[in-house]
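Below is a short note for a colleague who has not yet looked at this model. The points can be followed with the structure open alongside.

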Amino acid sequence: MTTLIEAEHLTRYYGTHRAVNDVSFTLAKGEVLGFLGANGAGKTTTMQMLCGNLAPSAGQITINGFDLLDQPKAAKRNLGYLPDTPPLYKELSVQEFLLYCAKLHGVAKNSVTDAIKQAKERCGLSEVADRLIVNLSKGFQQRVGIAQAILHNPEVIVLDEPTVGLDPIQIREIRSLIRELGQDHGVILSTHILTEVQESCSHVQIIHQGQLILNETIAGLNRQMNTGTLQITTRLAPDINSLLTLPGISSIENMSENRIKIHHSVTANPAEQIAEHIIAAGWGLQELTPVKRSMEDIFISLTKEHREL
Amino acid sequence: MSLILTIASREFRTLFLSPMAWTILAILQFILAFLFLTQIEAFTTLQPKLASIEGAPGLTDIIVPPLFGNAAIILLLVTPLLTMRLICEERRNKTLSLLLSAPLSTIDIILGKYVGILGLMLLIIALTTLMPLSLLCGGELDLGKLFANILALLLLVSAFTAIGLFMSCIAGHPTVAAMATFGVLLLLWILDWTSGLTDQRSELFEYLSILRHFQNIQSGLISSIDVSYFLLFITTFIALSIRSLDNERLQK
């Protein structure tokens, strides 16, 4: 696996405000990295630094082996970037705009036509190619922005909230496009929509108040999501203290008189012992359900945990 | 180099996609044609008197310098309007990041923008030059002097454009850029008026005055002092523009 992006200890100050704090990560070919975070968490700042639009206050970025500061042209040649607002010259037609972008990125003259045709097909723009960008709907403008980012077939594609303003069908198309691109490129996308990460990414990073608080593969995240909580309903009120003595139980939450939530460690699953214990005590077991944590729960618990620290 | 031309040609074409360039060209041509005709009128009334004077100013002297002088004043008003959007608008429309993340240096971006607007300026100068050239149908022109005037106007608008570009880099809003450009240009234009008013002339002000250098070249005296004044002027403001765009990445 070739490493396409290496970001080391990125820090960025806006005045005295530290927007990004010591963020390091790598991206390899064939990975789709989802960047998650609340508004103002530092997603866009990090992406702008990756694409050379902002200079980091400290830290180093290497793109496909080229240092972004020392060899900016070589590094940027391997980069396609869709900012949070698509950078479109609205007075041009789609075709003219893509031609201009192709020239800017130094696409070889004899392959310009093919490159534009391919980008248009991939983003579903063939039918609107001759229309002025200003007259296109927001969704189509977004697609032109994506087309612009993948036009020159860069190794690294950075997409800042690519599915904003798209309708559900378009979102599905763009997600499958991202997965497709992820096969032979490295893709980074930022979003605050959690399902999007689950659907299209292979890796997840959660950034909160400028700090990276989670860096996981999707599989690892899925494992985390299955952990930890059982919901139990009994006919009679259970004795919480006696339940707590069972091995593997970390805490018990009282939902109502007859309903409790048991949090347990990831490694041990005490469901069987709990059931036996309740039946033996004669409380009348009515329900025992594992609660699957949603991505939202993980996100919220991680960001909350962090705030408390 | 080809990248500079790519940016320049888009800039030039975009000007003509909106009514902006067309309007400016039309109005400019109309006003200058009117001034040109008044100048011819003046020449025809003066002609009998001039014939009797030894070493009197000729056709070129009476028509060309006033025409180009007037063109310069009108361009002083027009250039800020043309240059105000160059970088400012890109920043506001967030299209600047397209240029910043493309494999371009800031030098390419600034020079591309500069050359693009200069293309329109060349067109304006060419259209202005056509008027005196039309006199060749029925008379003779001092072509050397005409050339000096063209050169003077070219250097002048190149300097105007360089300031305009710089102001567009530092201003947050196009109107601010236009106002600032206009203010600086007007100040440079009137800077040597002080020398006429008092006994104490300021040589520094005289040297800085853009009008004086322009008129020197216009008179047919192409000296390296005046030419290098303009070249220094242009280089300084282009270098400042490049610096300011570079700074864009560093702080916000």
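1. A good place to begin is chain A, where Leu98(A), Leu99(A) and Ala102(A) in α3(A) meet Val112(A), Ala115(A), Ile116(A) and Ala119(A) in α4(A), a contact being counted if the C-beta atoms of two residues, placed from the backbone, lie within 7 Å. By class, this contact has seven nonpolar, no polar and no charged residues, where Ala, Val, Leu, Ile, Met, Phe, Trp, Tyr, Cys and Pro count as nonpolar, Asp, Glu, Lys and Arg as charged, and the others, Gly among them, as polar.

2. This is a predicted model, in which local features need pLDDT of at least 70 and side-chain atom pairs count only at pLDDT 80 or more, while totals for chains, interfaces and linings use all residues. Residues are numbered from 1 along each chain as its sequence is written, and chains are lettered from A and ligands numbered from 1 in the order in which they are written.

3. The two helices of the opening point, α3 (residues 94-104) and α4 (residues 112-122) of chain A, pack at an angle of about 125° with their axes 10 Å apart; axes are lines fitted to C-alpha atoms, for helices over the stretch in contact, and angles run from 0 to 180 degrees between N-to-C directions. α3(A) and α4(A) are therefore oblique to each other, since angles under 35 degrees count as roughly parallel, over 145 as roughly antiparallel, 65 to 115 as roughly perpendicular and the rest as oblique.

4. In chain B, helix α7 (residues 143-170) and helix α8 (residues 174-190) pack at an angle of about 140°, their axes lying 9 Å apart, which makes α7(B) oblique to α8(B). Phe160(B), Ile163(B), Gly164(B), Met167(B) and Ser168(B) of α7(B) meet Ala177(B), Ala180(B), Thr181(B), Val184(B) and Leu185(B) of α8(B), and the residues of this contact divide into seven nonpolar, three polar and no charged.

5. Turning to the contact between the chains, 19 residues come from chain B and 22 residues from chain A. On the side of chain B that touches chain A, α1(B) gives the most, with five residues, and by class that side has eight nonpolar, seven polar and four charged residues.

6. On confidence, the model scores ipTM 0.86 and pTM 0.84, and chain B averages a pLDDT of 90, pLDDT being the predictor's confidence in each residue, from 0 to 100. Among the elements of chain B, helix α9 (residues 193-197) has the lowest mean pLDDT (65) and α7(B) the highest (95). Where pLDDT is low, the predicted coordinates should not be read in detail.

Notes: Helices (H or I, at least four residues) and strands (E, at least two) are DSSP runs, numbered from the N terminus.
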